[in-house]
Amino acid sequence: MSNQPPKAASYKVAFVLITSLFFIWAFLHNINPILIPHLKKACQLTDLQSSFIDTAVYMGYFIIALPAGWFMHKYGYKKGILFGLILYAIGAALFIPAASARSYNFFLVALFIIASGATFLETVANPYITKLGDRASSEQRLNFAQSFNGVGAFIAPIIGGQFILSGIEHTPRELQNFSPEQLNNYLSFEANSIKIPYMVITGVVLLVALFFVFTRLPEIVEEDIEDDGHGHKSFSLKIFRHRHVTWAVIAEFFYVGAQVGVGSFFIRFSRFTMGLPEKEAAYLWGFIAMVGFMLGRFAGTFFMRYVKPAKLLSLYAVINIVLLIIALMASGKIAVYSLLAVPFFMSIMFPTIFALGIKGLGEESKIASSFLVMSIVGGAIIPPIMGQISDKTGSIQMAYIVPLLCFVFVLYFGWKGYKFVEPKTVVV
C-alpha cells in the first residue's frame with residue numbers, strides 16, 4: 001500500500017496527462033513546415049496559397065481563444081480538455097477524405113478544426129498545471145511541462161519528413177510533359193501519403209481522450225474575475241493605456257509571425273538556395289533548428305541569471321537580424337545554416353515578451369494576457385505576405401526580408417518598448 005497522500009497521487013496522475021497535451025499542440029504547429037511543401041505539390045499551389053495553412057491554424061487560435069476561455073470558466077477544466085481533444089481528433093480524421101478529394105479547401109477546414117481543439121487544450125493546460133500543487137513551485141511545473149512542447153517541436157518535422165514527404169520532386173517542365181493520367185496518378189499518390197499518419201494521429205488523440213474520461217482530475221476552484229465597479233467583467237481596452245502592454249502586443253504579433261514564417265518556408269528556401277531535397281531539409285529542420293530551439297530555452301534561462309531579460313531579448317533580436325541578412329545575401333550552405341541558427345535565438349522571445357508585457361499590472365495582468373495570446377494571429381498574417389513576395393519575385397529567398405523586419409519590432413520592444421510607465425491619472 002502506498003504511503004503517498006491520495007491528493008498528491010491524484011495530482012501526479014493529472015500532471016502526467018496534462019503534460020501530454022503540450023506535446024499534442026506542439027505537433028500541430030511544427031508539422032506545418034512539412035504540410036506546406038507537401039500540399040503545395042499535391043494540390044499544385046502557389047507559395048501564397050500554401051501559406052494559408054498557417055493562416056488556418058493561427059486564425060483558429062485567434063477566433064477560438066476567447067470562446068475557449070468562456071467554455072472553461074463555465075464547464076470546468078476537464079470538459080474543456082475533452083472538448084478540445086474531440087475537436088482535434090475530428091480535424092485530424094477529416095484529413096483522410098480531404099486527401100481522397102484532393103481538396104485544398106477541405107484540408108484548410110480540417111486544420112482550422114484541429115487548431116480550434118488545440119486552442120482549448122492550450123487555454124486549459126497552462127493555468128491548470130500551475131495549480132496542481134504548491135503555488136511556490138508553479139513556475140517550475142509549467143517550465144517542465146513546456147519542455148514537452150520542445151520535444152514535439154523537433155519530433156514533428158522528423159516524423160513528417162519521414163512518413164509524409166515522398167522525396168519525389170518534379171520540376172514544372174517535367175510535370176508539363178506528364179499525360180493527364182500520369183499527372184493525376186502522381187498527385188493522388190502525394191495526397192494519399194498523408195492518410196496513414198493522420199489516422200495514427202486521430203487514434204493517439206482519441207486514446208488520450210479516453211485516459212481523461214476514466215481519470216478523476218482534481219477539482220480546481222478559482223475566484224471569479226472582478227468587475228469594473230459598474231457590473232461588467234474587467235475585460236477592457238483600457239489596458240492599452242499602459243504603453244508597455246501596447247508594445248508587447250505589437251512585438252508578440254511580429255515575433256510569432258516571424259517564427260512561423262521562418263519555419264514554414266524553410267524546405268522551399270533550402271531547395272531554392274542549395275538544391276537540398278525535401279526529406280533532407282525536413283531532417284535538418286528537426287534535428288538542428290528545433291533541437292536548437294529547445295536548447296535555447298534552457299540556455300536563455302541560464303543567461304538571464306546574469307543578463308537582464310530585456311537586454312538579452314534585444315541581443316537575440318540583433319543576432320537574428322544579422323543571420324537573416326546573411327540568409328538573404330548568401331547562397332548554398334551559408335544561407336541554409338544561417339537560417340537554421342535563427343530558432344535558437346527565437347527560443348526566449350515569446351515568454352520574455354509575455355512576461356515583460358504583464359509586468360507591474362497586478363489584477364490587470366489577466367486582460368493583458370488575453371490580448372497577448374490573441375496577438376499570435378501574426379502567425380496567420382505574416383506567412384501569406386512572404387508567399388506573395390515569393391510568387392511576385394520568383395524568389396522564396398527574397399521573402400525572408402519579412403521576418404527580418406519583424407525582428408526589428410522585437411528589438412525595439414527589448415530596447416525601449418518594455419519599460420513600465422505609470423499612466424497619468426485624469427482627475428474629473
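**A guided tour of three residues**

Select Gln 44 to begin; its relative accessibility is 45%, so this residue counts as partly exposed, since that class covers values between the 20% and 50% limits. The model in the viewer is a predicted one.

With Gln 44 still selected, display the neighbouring backbone. Gln 44 belongs to the loop that connects α1 (6-42) with α2 (47-75). Its backbone merits attention: the phi angle of Gln 44 is near 50°, a positive value in a residue that is not glycine.

Next, select Arg 102. This residue is found in the loop between α4 (95-101) and α5 (104-130). Arg 102 is not a glycine, yet its phi is positive, at about 50°. Is Arg 102 buried, partly exposed or exposed? Its relative accessible area is 27%, and therefore Arg 102 is partly exposed.

Proceed now to Gly 80, which is part of helix α3, spanning residues 77-93. The relative accessibility of Gly 80 is 0%, so it counts as buried, the limit for that class being under 20%.

Which residues does Gly 80 touch, if those up to four places away in sequence are not counted? Select Phe 71, Phe 120 and Val 124 together with Gly 80, and its contacts are in view. To finish, draw a distance between the C-alpha atoms of Gly 80 and Val 124: the two are 6.7 Å apart in space, although 44 residues separate them in sequence.

Key:
Residues are numbered from 1 along each chain as its sequence is written. This is a predicted model: local features need pLDDT of at least 70, side-chain atom pairs count only at pLDDT 80 or more; totals for chains, interfaces and linings use all residues. Side-chain values use heavy atoms; hydrogens and water are left out. Helices (H or I, at least four residues) and strands (E, at least two) are DSSP runs, numbered from the N terminus. Buried means under 20% relative accessible area, exposed over 50%, partly exposed in between (1.4 Å probe, protein chains only). Contact means heavy atoms within 4.5 Å.
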